[in-house]
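Here are my notes for a first look at this one. Have the viewer open while you read, and go through the points in order.

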Amino acid sequence: MSRRVVRQSKFRHVFGQAAKADQAYEDIRVSKVTWDSAFCAVNPKFLAIIVEAGGGGAFIVLPLAKTGRVDKNYPLVTGHTGPVLDIDWCPHNDNVIASASDDTTVMVWQIPDYTPVRNITEPVITLEGHSKRVGILSWHPTARNVLLSAGGDNVIIIWNVGTGEVLLSLDDIHPDVIHSVCWNSNGSLLATTCKDKTLRIIDPRKSQVVAERARPHEGARPLRAVFTADGKLLSTGFSRMSERQLALWDPNNFEEPVALQEMDTSNGVLLPFYDPDSSIVYLCGKGDSSIRYFEITDEPPFVHYLNTFSSKEPQRGMGFMPKRGLDVSKCEIARFYKLHERKCEPIVMTVPRKSDLFQDDLYPDTPGPEPALEADEWLSGQDAEPVLISLKEGYVPPKHRELRITKRNILDVRPPAGPRRSQSASEPPLSQHTLETLLEEIKALRERVQAQEERITALENMLCELVDGTD
């Protein structure tokens with residue numbers, strides 16, 4: 001009699017747990033806009049959530065530690081004239097976030113480490129190039145300041161945020177509305193899904209479709225797709241009978257899926273969140289109250305169901321923390337930020353381990369905050385894998401990185417690449433020039449403050465005279 005062998009995997013017993021009530025973020029008016037984006041973005045410093053706002057679009061940015069009830073007058077990021085549809089943190093600067101809106105623009109914001117006193121209304125830069133609403137944003141994984149946006153005009157634009165330039169415009173590839181866009185690990189290729197039911201792999205610098213698959217899922221509802229670490233594709237969609245599906249594809253052979261998992265019957269679009277370090281994909285459906293997760297391996301059946309985290313309340317959106325923001329001392333391998341109608345609740349995925357030591361098999365080196373390329377290097381055809389960091393000592397986010405405002409690159413914190421111009425003897429060094437500028441600015445501010453104080457004193461004297469006169 002043959003004995004069934006249980007598959008060996010360190011992730012077989014991963015379990016999800018909602019954070020305690022005091023670790024949630026309460027009293028947040030989550031946006032009610034009908035749009036299939038995550039509505040939430042998170043990094044090791046901040047949590048950003050698209051919220052309801054009168055007279056335009058807004059999102060709230062909270063320091064991760066600011067749990068509990070959020071004051072109803074807490075400052076928002078407001079600048080869009082239409083609803084905000086998507087937000088995405090820059091992977092190379094934890095203080096920079098991009099927002100896309102129904103008003104056809106993309107705005108890039110610098111978020112201070114301190115809590116602002118009033119609403120943030122001035123973006124660092126506004127990117128205008130779409131003719132219809134912009135619903136998808138995605139930063140390049142390895143090149144500095146390269147941002148992708150996709151709009152209702154069926155156009156993908158790739159920007160150099162630092163200069164505001166359009167690097168590439170892919171305007172004749174998609175005949176209908178784009179549902180999702182994903183970079184591969186080094187940012188050399190894009191995977192897109194479209195209302196025309198076609199899954200495409202695109203080389204953006206050549207404006208070419210490298211491979212495509214019509215109707216990877218037979219159903220009529222929108223598709224989603226993400227790249228895996230080894231260049232395969234995971235897609236979510238629907239069968240003819242409206243059953244939700246997860247499929248694994250090899251782009252070199254798009255005829256048949258490598259694996260196909262059928263789940264349940266529901267009309268909620270499944271948002272896939274893929275972790276390349278553990279090769280686990282988490283599926284979160286809008287309107288669902290569960291998170292299903294699967295491990296992707298090299299041996300059949302290739303897609304292995306692990307478990308389902310279930311709760312009572314349906315989710316309106318979901319944020320996914322980058323690996324460097326996790327607590328490695330607790331064997332945390334993923335953390336989600338689940339949006340309810342009026343709150344945001346962290347959900348932690350953990351591998352049970354008895355040892356308190358660093359588990360290096362759970363935490364391979366992971367992408368850090370340093371870019372591997374400059375925007376112009378990537379545009380010229382260079383590719384580079386992400387710059388990896390170890391999480392052994394834990395990850396401490398860098399302090400607020402000030403922007404050096406230059407015409408070439410306003411989000412750069414380093415001098416431009418290439419040979420430096422030799423300075424003449426008469427030209428002061430940059431640091432001296434900066435110091436003098438700062439001193440002049442401080443002096444001007446002091447003079448303004450002094451003038452204001454003199455004005456206040458004069459007004460107070462007038463007030464005293466008026467009071468004395470009435471007596």
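1. A term to start with: a cavity here is a set of grid points where a 1.4 Å probe fits but cannot get out. Keep in mind that we are looking at a predicted model. By that definition, the structure holds 3 cavities of 30 Å³ or more. The largest cavity has about 90 Å³ of space. It is lined by 14 residues, and the closest to its centre are V61, Y74, I111, P116 and I120.

2. Next, have a look at the open sheet of 4 strands that runs in the order β16-β17-β18-β19, with antiparallel pairing. Its edge strands are β16 (178-183) and β19 (208-214), and each of these pairs on one side only. On average, neighbouring strands in this sheet are turned by 20° against each other, ignoring direction.

3. How many residues of β18 are buried? The count is 6 of 6, and the strand is mostly covered. T198, R200 and I202 point one way from β18, while L199, I201 and D203 point the other way, and all are buried. If you are colouring by accessibility, check both of these groups.

4. Now for the partners of β18. Strand β17 (residues 190-194) pairs with strand β18 (residues 198-203) in the antiparallel sense, over 4 bridges. One pair to click on is T193 with its bridge partner L199 in β18. The two strands β17 and β18 make a hairpin with 3 residues between them, and K197 in the turn has a positive phi of about 70°.

5. Over to β19, which pairs with β18 in the antiparallel sense over 6 bridges. Here I202 has V209 in β19 as its bridge partner. β18 and β19 also form a hairpin, with 4 residues between them. In that turn, S207 has a positive phi of about 55°.

6. There is another open sheet to find: 4 strands in the order β20-β21-β22-β23, with antiparallel pairing. Which strands sit at its edges? They are β20 (224-227) and β23 (259-265), each pairing on one side only. Neighbouring strands of this sheet are turned by 15° against each other on average, direction ignored.

7. Within that sheet, strand β21 (residues 233-238) and strand β22 (residues 243-249) pair in the antiparallel sense over 6 bridges. A handy pair to locate is L234, which stands opposite L248 in β22.

8. A single residue for a closer look is S279, in the loop between β24 (270-275) and β25 (280-285). Is S279 buried or exposed? S279 counts as buried because its relative accessible area is 17%, and the cut-off for buried is under 20%. The side chains of S279 and Y274 are joined by a polar contact of 3.3 Å. Leaving out residues up to four places away in sequence, S279 touches Y274, F294, E295 and I296.

9. Finally, try Q450, which has its place in helix α2 (residues 430-470). Its relative accessibility is 45%, so Q450 counts as partly exposed; that class lies between the 20% cut-off for buried and the 50% cut-off for exposed. To get a feel for distances, draw a line from Q450 to E377: they are 73 residues apart in sequence and 49 Å apart in space, C-alpha to C-alpha.

Conventions
Residues numbered from 1 in each chain as written. Predicted model: local features only at pLDDT ≥ 70, side-chain atom pairs only at ≥ 80, totals over all residues. Heavy atoms only, no water. Buried < 20%, exposed > 50% of the residue type's maximum accessible area, 1.4 Å probe, protein only. Polar contact = N/O pair within 3.5 Å; in protein donor to acceptor, adjacent residues only side chain to side chain. Contact = heavy atoms within 4.5 Å. Pairing = 2+ DSSP bridges. Axes fitted to C-alpha atoms, helices over the stretch in contact; angles between N-to-C directions. 1 Å grid on protein atoms, 1.4 Å probe; cavity = no way out; pocket = protein on both sides within 12 Å on 5 of 7 lines; lining within 4 Å. Points joined across faces, edges and corners; volume = space filled by probe spheres on them.
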